[in-house]
Amino acid sequence: MVSEIKKIGIIGAGQMGNGIAHVCGLSNYDVILNDISQENLDKAMATIQGNLARQVASGKVSEETKNNALDKIKANVALESLADVDLVIEAATENEDVKRKIFAAVTPIIRPDAIIASNTSSISITRLAASTDRAEHFIGIHFMNPVPMMKLIELVRGIATDESTFAVAKQFADNLGKTVAVSEDFPAFMVNRILLPMINEAIYTLYEGVGTVEAIDTALRLGANHPMGPLQLADFIGLDTCLSIMQVLYDGLADTKYRPCPLLVKYVEAGWLGRKTQRGFYDYRGETPIPTR
Ligand SMILES: NC(=O)c1ccc[n+]([C@@H]2O[C@H](COP(=O)([O-])OP(=O)(O)OC[C@H]3O[C@@H](n4cnc5c(N)ncnc54)[C@H](O)[C@@H]3O)[C@@H](O)[C@H]2O)c1
């Protein structure tokens, strides 16, 4: 198995994939960013450029470091471009079937000694690992959103993950300047096991008419000192991702307290997925976000 990571393949160039590519490029790793959609790859590269430029403007990053990071990141729609990476980080849509299909397609392409990681927010690392040819060299590396700003990485071993894989993943997280919290492999791990039921409860609070979007978010911002309200946060995470995580909690822990709120289901069915589709609990199409309820 590889003992040092130099080149990284990232599968899925959505909000997480572009953030992971951004921090890896800044830490001088060679990165191949892959997606099934060329349009999403183009969008991701533009986002990375914009976010790096903002870091230059605020004095966090020099122009030279920005240009070096951009040189390090190559977008490629062909999975074959991952043939010589040391580490694959899967950051595609939060759906077990999608992820399993990706692993089936990518394992014959990558080197046998490469490590595979998933950025899943909730799905069993043990189960995902078992769908590959290298359960010992499979691990959960769970970044937080937005990746360049958030300090935490949850590292999750599957039942078969070996210690050398864990050590390489820990070193990688350290090199990115992130802080690691180790979680056992239970549905939604730690952060989302605690955070998502709160968001789901906020949606029930809206659904039952206890308060408006604005009232609920103001209540939690000013009453619990949260930096943003739970509905604003849900839009930020993506309502499809929120729903998937609640379903994993509901199925995996078999407790009705995790039942996804019907209003969350309805928003996802409408394609109102939050910021990424410009509409969720707020409408982002104008100058300022407007609450939808
Ligand atoms: N959104 C968050 O706050 C957050 C935080 C931590 C972890 N995550 C996890 O990260 C992963 C990605 O979430 P996101 O918010 O970036 O989602 P997203 O919807 O922004 O992006 C998903 C991307 O995956 C791509 N994709 C789908 N199928 C693919 C395939 N077969 N091959 C290559 N690319 C494919 C899509 O085209 C899309 O660009 C999920 O597992 C999610 O649970 C999300």
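The following exchange concerns a predicted model and the surroundings of its ligand.

Biologist: Between which domains does the ligand lie?
Modeller: The shell around the ligand draws residues from two parts of the protein. Because both of these parts contribute, the ligand lies between domain 1 (5–182) and domain 2 (191–289).

Biologist: Which element gives the largest share of the shell around the ligand?
Modeller: Two or more shell residues come from each of helix H1 (15–26), helix H4 (96–106) and strand E6 (138–143). The largest share, three residues, belongs to H4.

Biologist: How far is an oxygen atom of the ligand from an N or O atom in the side chain of Glu94?
Modeller: Glu94 is among the residues that come nearest to the ligand, as are Asp35, Lys99, Ser121 and Ile237. A polar contact requires N or O atoms within 3.5 Å. The side chain of Glu94 satisfies this with an oxygen atom of the ligand, at a distance of 2.5 Å.

Biologist: How much of the accessible area of the ligand does the protein cover?
Modeller: A backbone N or O atom of Ile237 lies 2.8 Å from a nitrogen atom of the ligand. On its own, the ligand has 840 Å² of accessible area, and the share covered by the protein is 88%.

Biologist: Is strand E2 largely enclosed or open?
Modeller: Strand E2 (residues 30–34) runs parallel to strand E1 (residues 7–11), joined to it by five bridges. In this pair, Gly9 stands opposite Ile32. Because four of the five residues of E2 are buried, the strand is largely enclosed.

Notes: Residues are numbered from 1 along each chain as its sequence is written. This is a predicted model: local features need pLDDT of at least 70, side-chain atom pairs count only at pLDDT 80 or more; totals for chains, interfaces and linings use all residues. Side-chain values use heavy atoms; hydrogens and water are left out. A residue is near a molecule or strand if one of its heavy atoms lies within 4 Å of it. A polar contact is a pair of N or O atoms within 3.5 Å; within protein, one must be able to donate a hydrogen and the other to accept it, and residues adjacent in sequence count only if both atoms are side-chain atoms. Accessible areas come from the Shrake-Rupley method with a 1.4 Å probe; for residues, only the protein chains shown count as cover. Domain bounds come from an automatic or database domain assignment. Buried means under 20% relative accessible area, exposed over 50%, partly exposed in between (1.4 Å probe, protein chains only). Two strands pair if DSSP finds at least two bridges between them.
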